[in-house]
Amino acid sequence: MHTAGDEDLYLQQAVVFIEDAIQYRSINHRVDTNSLRLYRWYYSRLWQWGLGLTIAVVLMLAFIERPSSFSYTSDPRFRPPPWEPPCGLTEGIEIVCLVIFAIDFATKSYLIGWEEFQKRKWLMVYILAVSASVIDWALTLSMYCDQNLRVRRLIRPFFLLQNSTLMKKTLKCIKRTLPEIASVILLLALHLCLFTMIGMLLFAKGEKPKQNGEWEAYFRDLPTSLSSLLVLLTTANNPDVMIPAYSLNRGYSIFFILFSGFGSYFLMNLLTAIVYNQFRGYLLMSVQASILRRRLGVRAAFEVMSCQGRGQDATHSEENVERVRVDASLQVMARVQMKSYYRQAIIKRVQQLSDGFIQWEAFRRLFDELDKDRIKEHPPKPEYNSSLLQRLQLVFSHYYVTVVGNAVALTNVMCICTILVLDSEKSIAERDDYCMEVINCFFILYYLMEMSLKILAFGWRGYLSYRNNIFDGLLTVCLLVLQITIFATYRLPFPKWNPALPGLMSLWEMVRLVNMLIVVRFLRIIPDIKLMSLIASTLVDLVKNLRAFAGILVVVFYVFAVLGIWLFQGAITAPGQMSVMSNSSMKNITVECGSYEQLGYWPNNFDDFASSLVLLYNVMVVNNWQVFMDAYTRYTTEWSKVYFVSWWLTSSVMWVNLFVALILENFIYKWDRSVMCSVADVERTGYETTVQLMFRAHHCSDGRARGIQDEA
């Protein structure tokens, strides 16, 4: 017979296993009483949020450390000496973060045990990362913070990676996808080299200097030729690269059209298709493993609760013992940390069982509630005795009131647009604010009336249960407060009303703020148009549920920014005393057209962490990225091109194609789900989409995976 302590331990184990299943965690960890308490504390919201905050703080140190980003501009011509933290400030913050990471590592290692620890490569690298960071930190203090090459800056992004299971899976998928991507990149390289050789033969230096424009600008030598065609592959220098030759003979355009057409429109799009197909397949398999973890966690909870049942009734046969008591299940569900509406749904299904016991299949199906969408129930409408109020409630709770409100919002935006077009050539003093203010007052009164009558029709709780109403209500209140402020400051509008500035904000600035809020309020139409609502919800889901991919981009940006500072900090210096030159003197400076200097790209540099991030983003967009590559080639060496090409391959080729593939997958999934849903259904239903749910349909259609689930 089991003692009361054993029964309580079984309940604790079942609670933890179900929490593991909900969070797709492994159940390979210690299950004694003290370890379970520590385990639940470790995965509590407080510790996990604290750990996330620690990771954010240690990453943000790069903005404060030398070279500091604390200056109002990154332009070396006008940038004042930035604020530099005193020695020991950032180091003190960092050592606290490293201590927290050490505690996190020690706790996690203890909970999973030595045998499981040996299988976790990420944990082994974790302790190495913390140790290397502490050693580098000690070296910094020993040099009185005068250490320029801080290796631990490159280690910091690892702490972000190891804290996210889905980011690890994504990296694993990218690793497995690399061979297919490498084959296309190899084909791109062959395409580039072939056309480079042909180009150097076509545009060789001739006897007539006037016909050597193409050779001089773009095909002077092998590195220049490769760079010119590589940039053309991204279309950033099209049609500039072909103009010197095209002006001599229109036939030369065939060379450039063939190169960019085959490379940009065939090979690059083929790369996107391969990334979409291969990565989606690997991510599907990875997500299937997460779903199997859930099934395994549920099965483990069932087993330990069955052990409790064996202690209660030892006379049952083995077949009858494979069940759990209903009251034990209710106790477990009451202690599990989960969202309340899922708990209520599972408890409701448990209470519907009348025989007092739950078999395995029924127990497993209980947790199918976790995969269902949450249906948001709106509170009942208030009941009125007055016939007038009943009629108003009937009218203003109708869907057509929303349609009329959208039409009024559209009319308001069109009025603002018309007045802005008419006043576009006028100065602020010449504008007639009277018309604009009268129009705004009329529409704000309508918005206030609409909000009040909707509150009357639905009640406060019913009104606030719709997200669109919350959005409208907040903006309407802001508009009303601003309008009252205008009246209090400038009095009521009248013809030729153009008062002088008596406060911090001029009348025009306040009216402009009102108009901007009105334009933002016009976004209320998005949920009422099915396709727009679908696109908007796809973007929201990407922000909410695909944080792992954004996290990997943060890691890549961080690493390349640190490398850029190491390699190119201070490489580009502005002309001496340019900031104090007169405009006429600056005009006399001769620079090449389209160059870094002529375009005024001085703020784009690697002099601090913040400006490095902006420069990397500009290169990722690939518009004029050849300007940055050319500038750093001139100011440093030809080898700087390796850095910029590596960043282009990593960000623009790899990550952007990956993100496009994920947008396609998420949009197709949402579209398939919404084919049978009306706009009202979309408003009524709050979708709880996760990456796991996005691939669940494919997972359930896989017979082999389904068989493994049944065995688990």
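Helices here are DSSP runs of H or I with at least four residues, and strands are runs of E with at least two, numbered from the N terminus. With that in hand, let's work through a few exercises on this predicted model.

**Exercise 1. Take stock of the whole protein.**

Task: find how many helices and strands there are in the protein, and what share of its residues count as buried.

Solution. Step one: the count of elements gives 30 helices and 4 strands. Step two: a residue is buried when its relative accessible area is under 20%, and 45% of the 712 residues meet that rule. Step three: turn to contacts between residues at least 6 apart in sequence; 74% of these join residues at least 24 apart.

**Exercise 2. Describe how helix 3 and helix 4 meet.**

Task: work out at what angle the axes of the two helices cross, and which residues make the contact.

Solution. Step one: helix 3 spans residues 45-64 and helix 4 spans residues 89-119; their axes come within 10 Å and cross at roughly 145°. Step two: the handedness of this crossing is left-handed. Step three: list the contact. Helix 3 brings Trp47, Leu51, Thr54, Ile55, Val57, Val58, Leu61 and Ile64, while helix 4 brings Thr90, Ile93, Glu94, Cys97, Ile100, Phe101, Ile103 and Asp104. Step four: sort these residues by type, which yields 12 nonpolar, 2 polar and 2 charged.

**Exercise 3. Zoom in on Leu51.**

Task: decide whether Leu51 is buried or exposed, and say which residues it touches.

Solution. Step one: Leu51 sits in helix 3. Step two: the relative accessible area of Leu51 is 0%, so it is buried. Step three: leaving out residues up to four places away in sequence, Leu51 touches Ile100, Phe101, Asp104 and Asn163. Step four: take Phe101 from that list; it is 50 residues from Leu51 in sequence, yet the C-alpha atoms are 7.9 Å apart.

**Exercise 4. Do likewise for Tyr252.**

Task: locate Tyr252 and classify its accessibility.

Solution. Step one: Tyr252 belongs to the loop between helix 10 (243-248) and helix 11 (253-312). Step two: its relative accessibility is 27%, so Tyr252 counts as partly exposed. Step three: beyond four places in sequence, Tyr252 contacts Leu202, Phe203 and Ala245.

**Exercise 5. Look for enclosed space.**

Task: find which residues line the second largest cavity.

Solution. Step one: there are 7 cavities of 30 Å³ or more. Step two: the second largest cavity holds about 50 Å³. Step three: its lining consists of Glu65, Arg66, Pro85, Pro86, Cys87, Thr90, Glu91, Cys145 and Arg150. Step four: by type, that lining has 4 nonpolar, 1 polar and 4 charged residues.

Definitions and conventions:
Residues numbered from 1 in each chain as written. Predicted model: local features only at pLDDT ≥ 70, side-chain atom pairs only at ≥ 80, totals over all residues. Heavy atoms only, no water. Axes fitted to C-alpha atoms, helices over the stretch in contact; angles between N-to-C directions. Left-handed = near helix turned anticlockwise from the far one by under 90°. Contact = heavy atoms within 4.5 Å. Nonpolar A, V, L, I, M, F, W, Y, C, P; charged D, E, K, R; others polar. 1 Å grid on protein atoms, 1.4 Å probe; cavity = no way out; pocket = protein on both sides within 12 Å on 5 of 7 lines; lining within 4 Å. Points joined across faces, edges and corners; volume = space filled by probe spheres on them. Buried < 20%, exposed > 50% of the residue type's maximum accessible area, 1.4 Å probe, protein only.
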